[in-house]
Amino acid sequence: MEETERMEPFLKVEDLTVQYTAGGEVIKAVNKVSFTLSKGETIGLVGETGAGKTTIVKSILRILPDPPAKIKSGTITFKGQELLSLSEHQMRKIRGSQISMIFQDPMTALNPVFTVGEQILEALRLHRKMSKKEAYTKVCEMLEMVGIPAERYGEYPHQFSGGMKQRVVIAMALSCNPALLLADEPTTALDVTIQAQVLHMMNRLKKELGTSVIMITHDLGIVAEVCDRVAVVYAGEIVEMGDKVHLFDHGLHPYTEGLFHSIPSLTGDETRLKPIKGLPPNPADLPKGCKFAPRCPYASEVCREAPVLLREAEPGHFVRCIKKLAADIKTDMTGKKDKGIDIAAAENRPQGSATDFIKRSRAAREVE
Ligand SMILES: Nc1ncnc2c1ncn2[C@@H]1O[C@H](COP(=O)(O)OP(=O)(O)O)[C@@H](O)[C@H]1O
Ligand code: SF4
Ligand SMILES: [Mg+2]
């Protein structure tokens, strides 16, 4: 990683391993995950449910429930500070002000007995030391920014629809201008028009304030539009990572190939990651070798023998696949069909698809 050697990255996650203990079993949720993030950069984490994405971002914010969760190893360095060795008191100062998170479920972040305005105001007053008047003005601005009229400041969470509650949570997370935003499927509950506004707002924040973002999403349109780089997570490991053009146009790992094989449509309804046949391995009983081997149509004995390492295939593009790195399955990719991964029309994949995805997803959301 040349980039990381040149300068200390803004965020560096190294060898992060997280396990849960439940029902007498050890669930290996995150296994030696490493990645970096620069200031102002957005990395997308994609992969099926249960892959470990939420556990990774919750580790950064140190909000995993312990027990059952345990960070077994690794370091997380944020602006030169190693977060895992900070005291809870020090960490509390960072949460919300330096690092904010938008949760998948808005209700986990909202308190039902306070008005939405009060909740955003409280976050601001706590972290930004604003006067009540300044904070009030900022809250109204933030509400308007996410498409909620400022007059609704005094209403309670139950008076809002699911999508509106999520917008309140987004306003709260963004109000303190965090340096790092962890967004866990933030737009899933929103309709396309509001999605467009939220994405637009996130892009503005990135441009104006240099906010770095870790974005977990199933939506390929969002990956194309807001992410600079993408990490594909499978069974608690990064199996492929690179800039979005690498992933959309030259995805190498058989899992990425299957996952990204979805043609965007102008109505925006085909831009989600496609499910792949078969199931991910049981995280309490992971395969010894390549964790994707049970579902991979190209698997052979060598893949099953020992763990497969993440290696650089081309500058900045990392892949965890023995055969892809040996470049001996290129022909198989289009030749073999329907052997586990649904890559039925792999040879018909649209050319220049990253650019296509951006164009079409923008058209679908009517952005700008
Ligand atoms: N509180 C918990 N107790 C036990 N297992 C958990 C808990 N939270 C997550 N897991 C397990 O950890 C693995 C990773 O989960 P998660 O990080 O939520 O994945 P993702 O966000 O990619 O869907 C899954 O196998 C999940 O069942
Ligand atoms: S290492 Fe082998 S089993 Fe794993 S993804 Fe590559 S070809 Fe498939
Ligand atoms: Mg999740």
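How many residues does helix α4 have, and how far does α4 reach from its first C-alpha to its last? That was the note at the top of my page, and I start there.

**Entry 1: helix α4**

I am working with a predicted model. I looked up α4, residues 116–128, and found 13 residues reaching 18 Å from the first C-alpha to the last. That is close to the 18 Å expected at 1.5 Å a residue. Next I listed the buried residues of α4: Val116, Gly117, Gln119, Ile120, Leu121, Ala123 and Leu124. Their cover includes α5 (132–145) and α6 (162–175). Just after α4 comes Lys129, and I noted its positive phi, near 45°.

A reminder to myself on spacing along a helix: an α-helix has 3.6 residues a turn, so residues three or four places apart point the same way.

**Entry 2: the whole protein**

I stepped back for an overview. The protein has 14 helices and 12 strands. It has 368 residues, and 44% of them count as buried. I also checked the contacts with a separation of 6 or more: 66% of them join residues 24 or more positions apart.

**Entry 3: helix α6**

α6 had turned up as cover for α4, so to speak, and I went there next. Does its span agree with its number of residues, or disagree? It agrees, because 14 residues at 1.5 Å a residue should span 20 Å, and the end C-alpha atoms of α6 are 20 Å apart.

I found α6 mostly covered, with 12 of its 14 residues buried. Among them are Met164, Lys165, Arg167, Val169, Met172 and Leu174. I asked myself what these buried residues pack against. The list is β6 (99–102), α4, α5, β7 (180–184) and α7. Asn177 follows α6, and its phi is positive, near 50°.

**Entry 4: Leu205**

One residue of α7 caught my eye. Leu205 lies in this helix, which covers residues 192–209. Why does Leu205 count as partly exposed? I counted 18 C-beta neighbours inside 10 Å, and a residue needs 20 or more to be buried, while 12 or fewer would make it exposed.

Leaving aside neighbours within four places in sequence, I found Leu205 in contact with Leu174 and Thr211. Leu174 is already in my notes as one of the buried residues of α6. I also looked at Pro178, which is 27 residues from Leu205 in sequence and 9.6 Å from it in space, C-alpha to C-alpha.

**Entry 5: strand β9**

Here I turned to the strands. All six of the six residues of β9 (residues 229–234) are buried, so this strand is largely enclosed by the rest of the structure. Arg229, Ala231 and Val233 point one way from β9, and Val230, Val232 and Tyr234 point the other way. That fits a general pattern I keep in mind: in a regular strand the side chains alternate between the two faces of the sheet.

Which strands are joined to β9 by bridges? I found β3 (residues 42–46) joined to β9 by four bridges, running parallel, with Leu45 having Ala231 as its bridge partner. Six bridges join β9 to β10 (residues 237–243), and these two run antiparallel. There I saw Tyr234 standing opposite Glu237. The hairpin of β9 and β10 has two residues between the strands, and Ala235 takes a positive phi near 50° in it.

**Entry 6: an open sheet**

I then traced an open sheet of four strands, in the order β2-β1-β4-β5, with antiparallel pairing. Its edge strands are β2 and β5 (81–82), each pairing on one side only. β4 (residues 69–78) and β5 pair over two bridges, and Thr77 has Glu82 of β5 as its bridge partner.

**Entry 7: the two ligands**

Which residues are closest to ligand 1? They are Tyr20, Ala29, Lys53, Thr54 and Thr55, out of 15 residues that surround it. β1 (11–22), β2 (25–37) and α2 (53–61) each give two or more residues to this shell, and α2 gives the most, with three. I sorted the shell into eight nonpolar, six polar and one charged residue.

Around ligand 2 I counted 14 residues, the closest being Cys290, Cys296, Ala299, Cys303 and Cys321. Helix α12 (residues 322–325) gives the largest share, three residues. By class I have 11 nonpolar, one polar and two charged residues there.

Key. Residues numbered from 1 in each chain as written. Chains lettered and ligands numbered in written order. Predicted model: local features only at pLDDT ≥ 70, side-chain atom pairs only at ≥ 80, totals over all residues. Contact = placed C-beta atoms within 7 Å. Near = placed C-beta within 6 Å. Nonpolar A, V, L, I, M, F, W, Y, C, P; charged D, E, K, R; others polar. Expected span 1.5 Å × (residues − 1). Pairing = 2+ DSSP bridges.
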